[in-house]
Amino acid sequence: MQSCIKNYLALLNVQKTMSDYHYISELQQAHLAHFSFSSSNVLLKKALSLQPAALFERLINQRQGGYCFEHNKIFYLALQALGYTVRPLLGRVMLNGDSSNGRSHRLTLLTLAEKQYVIDVGFGVACPRSLIDLQNKEIVNEQAFKYQLSQESDYSISYRLTQLSPEPAKVLYRFDLREVTEADCDIAHFYSHQHPQAAFVNNLVIARVTAKQRQLIRNLTYLIIDNATGQEVVTDIKSSKQLHRLCNEQFAVGLSESAASELFSFLQDKRNYSATSLSNI
């Protein structure tokens, strides 16, 4: 695994000439820019082992993209190998507004200089590019994107991360600091890519977050968001060739033409089914 991590860090190309905090921040931003979030392998029904060798081969060497259980495990393993104090956390995604959703999002808790931070490199287009300080409830400014952590204590101390802008504001997820093992992550990962009602089993989501812009494919829509202004440009995806070109050129996700054709056909059928269902209401 050491050779995998060495190769991964070489690709990120971040030199440790700064404080630990800023070094890890630069690693986080480099990861988000280099390796895209993608649910394509879920829709293509590929085996998604979380064993380190298979994980690094799939995401780093083959650049197939992945989602939180893949991205955040890689970043966790890298920080651990560098000697930092880290452990996994699980959160409840709240994009639908439901705080009782299952724990289906992996995060990393970092303890550094007696402070605790949450690190995320696997939340798609809305993923923060900053370490989130658990002791600091001030607004985190990332140009047009602003985040704020809040704390609640109904049953035990827990936290909510809200994206305040671009509007409308929305809670991304909530989490607490209870013990999470790799076995817990394996169970949540299994649900997230196997359960017939899981979001990624039914939707294509591909995202890339860089310093200048955030790009997103959501089913058959391509969205570009300017980080400085929040301005959005939306384009419909009208062919498998267009989908293939976007994945490979804009997201650096290695998707074959046949895989792009399979995904496009699935998404067209999904859209046609939705349209037919609505017309019958």
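The largest cavity holds about 60 Å³ of space. The model on screen is a predicted one, and the tour starts inside it. A search of the whole structure finds two cavities of 30 Å³ or more.

**Stop 1: the largest cavity**

Select Leu32, Phe35, Ser36 and Phe37, then Val121, Gly122, Phe123, Gly124 and Cys127, and finally Ala207, Arg208 and Val209; these residues line the largest cavity. Which strand gives the largest share of this lining? Strand S10 does, with three residues. Colour the lining by class and you get eight nonpolar, three polar and one charged residues.

**Stop 2: the second largest cavity**

Keep Phe35 and Ser36 selected, since they also appear in the lining of the second largest cavity. Add His34, Leu59, Arg63, Gly65, His71, Phe251, Ala252 and Val253 to complete that lining. The volume here is about 40 Å³. By class, the lining of the second largest cavity has five nonpolar, four polar and one charged residues.

**Stop 3: the largest pocket**

Now move to the largest pocket, with a volume of about 1,000 Å³. Its lining has 35 residues, and those closest to the centre are Val93, Leu95, Phe123, Phe200 and Arg218. Phe123 was selected at the largest cavity too. To see where the lining comes from, show strand S3 (103-112), helix H6 (182-194), helix H7 (199-202), strand S11 (213-218) and strand S12 (221-226): each supplies at least two residues. The lining of the largest pocket divides into 19 nonpolar, 12 polar and four charged residues.

**Stop 4: helices H5 and H6**

Leave H6 displayed and add helix H5 (residues 68-81). The axes of H5 and H6 come within 11 Å and cross at roughly 155 degrees. An angle over 145 degrees counts as roughly antiparallel, so H5 and H6 are roughly antiparallel to each other. On the H5 side, select Phe69, Lys73 and Tyr76; on the H6 side, select Glu182, Cys185, Ala188, His189 and Ser192. These residues make the contact, and they divide into four nonpolar, two polar and two charged.

**Stop 5: the five-stranded sheet**

Next, show the open sheet of five strands, in the order S1-S10-S11-S12-S13 with antiparallel pairing. Which strands lie at the edges? They are strand S1 (37-38) and strand S13 (232-236), each pairing on one side only. Strands of a sheet pair through backbone hydrogen bonds, either parallel or antiparallel. Zoom in on S12 and S13, which pair over five bridges. There, Leu223 stands opposite Val234 in S13.

Then add helix H8 (residues 240-250). H8 lies across strand S10 (205-209), S11, S12 and S13, and runs at about 150 degrees to S11.

**Stop 6: strands S6, S7 and S8**

Finish with strand S6 (residues 140-142) and strand S7 (residues 145-152), which pair in the antiparallel sense over three bridges. Select Val140 and, opposite it in S7, Tyr147. Two residues lie between the strands of this hairpin, where Gln143 takes a positive phi near 60 degrees.

S7 also pairs with strand S8 (residues 158-165), again in the antiparallel sense, here over seven bridges. Which residue of S8 is the bridge partner of Leu149? Select Leu161 to see this partner.

Definitions and conventions. Residues are numbered from 1 along each chain as its sequence is written. This is a predicted model: local features need pLDDT of at least 70, side-chain atom pairs count only at pLDDT 80 or more; totals for chains, interfaces and linings use all residues. Side-chain values use heavy atoms; hydrogens and water are left out. On a 1 Å grid over the protein atoms alone, a cavity is a set of points where a 1.4 Å probe fits but cannot get out, and a pocket is an open set with protein on both sides within 12 Å along at least five of seven lines; lining residues have an atom within 4 Å of a point. Grid points are joined across faces, edges and corners, and a volume is the space filled by probe spheres set on the points. Helices (H or I, at least four residues) and strands (E, at least two) are DSSP runs, numbered from the N terminus. Ala, Val, Leu, Ile, Met, Phe, Trp, Tyr, Cys and Pro count as nonpolar, Asp, Glu, Lys and Arg as charged, and the others, Gly among them, as polar. Two strands pair if DSSP finds at least two bridges between them. Axes are lines fitted to C-alpha atoms, for helices over the stretch in contact, and angles run from 0 to 180 degrees between N-to-C directions. Angles under 35 degrees count as roughly parallel, over 145 as roughly antiparallel, 65 to 115 as roughly perpendicular and the rest as oblique. Contact means heavy atoms within 4.5 Å.
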